[in-house]
Amino acid sequence: MKPSASDRLIIALDVGTRAEAISLALTLAPFAGWMKIGLQLFAAEGPDLVRAIRETGARVFLDLKLHDIPNTIARAVESVVRLDVQMLTLHLSGGGEMVRAAVAAAPEDLLLLGITVLTSANSETLREIGMVEDVSQQVVRLAEIGADCGIGGVVAGAQEIGALRKAVGESLKLVIPGIRPRGSEEHDQKRIMTPAEAVAAGADYLVIGRPITAAPDPTIAARKILEEIESCVFRTDCH
Ligand code: C5P
């Protein structure tokens, strides 16, 4: 059975304080099954905030983008598991041994997500650090390492969905940020897709921040996005 539209929607809680994060999570609970806590909020408010967001009933995507030696990664994953989060990110550029250590330390119900090439990087960045210069080639190469090592999914730009599905089929969940409903402000996102376009292209989960959290009424914005996802999810030609 296909997951419901709200099960596919992840709200990026990119705010600086516990009070703002909890207020948003409570307001948006009827619309989104997931809340994403990133480095800014985790560094400011720590594990207590993760527990508080879990208490609102949301599933938590802890976006810590781990990258370290295999033993440290395994121990970090064990600590994160005690926070009862449901998604966690790590950099696939840490290599197979590191990724396997993370997978071995994670229980089945924690979706480990690999970061391939950050969307802030381009071919110049890759050349600078001595990697394959073609971004999409590098994304696929890293995703294949992740799939071979048993991770559950990757975070990727919407434009990479096609190449990733071709390379790894349905073996990885695709979690896609850079989503903007038609007519909404782009902010600093450069390569965007609408919610319906991303789902039609093969996205499993959409990560959406400012189009909802900075809207005059976040509940109206969230409802519209859910309707857009729903209109696509239940068509047979959609993912
Ligand atoms: O506000 P907005 O919808 O642009 O938020 C997108 C979220 O997804 C932010 O938390 C951002 O850090 C995250 N993200 C992204 N691009 C990536 C990976 C993560 O925008 N490649």
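**View 1. Residue classes in the lining of the second largest pocket of the predicted model.** Eight nonpolar, two polar and five charged residues make up this lining. The second largest pocket has a volume of about 260 Å³. Among its 15 lining residues, Pro-181, Ser-184, Pro-211, Ala-215 and Ala-221 lie nearest the centre. Helices H9 (210-213) and H10 (218-233) each contribute at least two residues to the lining, and H10 gives the most, with five.

**View 2. The largest pocket and its lining.** The volume of the largest pocket is about 890 Å³. It is lined by 33 residues, of which Thr-119, Ser-120, Pro-177, Gly-178 and Gln-189 are the closest to its centre. Strand S3 (59-66), strand S8 and helix H9 are the elements that give two or more residues to this lining. The lining comprises 14 nonpolar, nine polar and 10 charged residues.

**View 3. The ligand and its shell in the largest pocket.** The ligand is surrounded by residues including Ala-12, Gln-189, Val-207, Ile-208, Gly-209 and Arg-210. Strand S8 (205-208) and helix H9 (210-213) each supply at least two residues of this shell. By class, the shell divides into five nonpolar, three polar and four charged residues.

**View 4. Polar side-chain atoms beside the ligand at Asp-14, Lys-36 and Thr-119.** A polar side-chain atom of Asp-14 lies 2.7 Å from a ligand oxygen atom, and one of Lys-36 lies 3.0 Å from an oxygen atom of the ligand. For Thr-119, a polar side-chain atom is 2.8 Å from a ligand nitrogen atom. The ligand taken alone exposes 470 Å², of which the protein buries 83%.

Notes: Residues are numbered from 1 along each chain as its sequence is written. This is a predicted model: local features need pLDDT of at least 70, side-chain atom pairs count only at pLDDT 80 or more; totals for chains, interfaces and linings use all residues. Side-chain values use heavy atoms; hydrogens and water are left out. A residue is near a molecule or strand if one of its heavy atoms lies within 4 Å of it. A polar contact is a pair of N or O atoms within 3.5 Å; within protein, one must be able to donate a hydrogen and the other to accept it, and residues adjacent in sequence count only if both atoms are side-chain atoms. Accessible areas come from the Shrake-Rupley method with a 1.4 Å probe; for residues, only the protein chains shown count as cover. On a 1 Å grid over the protein atoms alone, a cavity is a set of points where a 1.4 Å probe fits but cannot get out, and a pocket is an open set with protein on both sides within 12 Å along at least five of seven lines; lining residues have an atom within 4 Å of a point. A molecule sits in a cavity or pocket if more than half of its atoms lie within 2 Å of its grid points. Helices (H or I, at least four residues) and strands (E, at least two) are DSSP runs, numbered from the N terminus. Ala, Val, Leu, Ile, Met, Phe, Trp, Tyr, Cys and Pro count as nonpolar, Asp, Glu, Lys and Arg as charged, and the others, Gly among them, as polar. Grid points are joined across faces, edges and corners, and a volume is the space filled by probe spheres set on the points.
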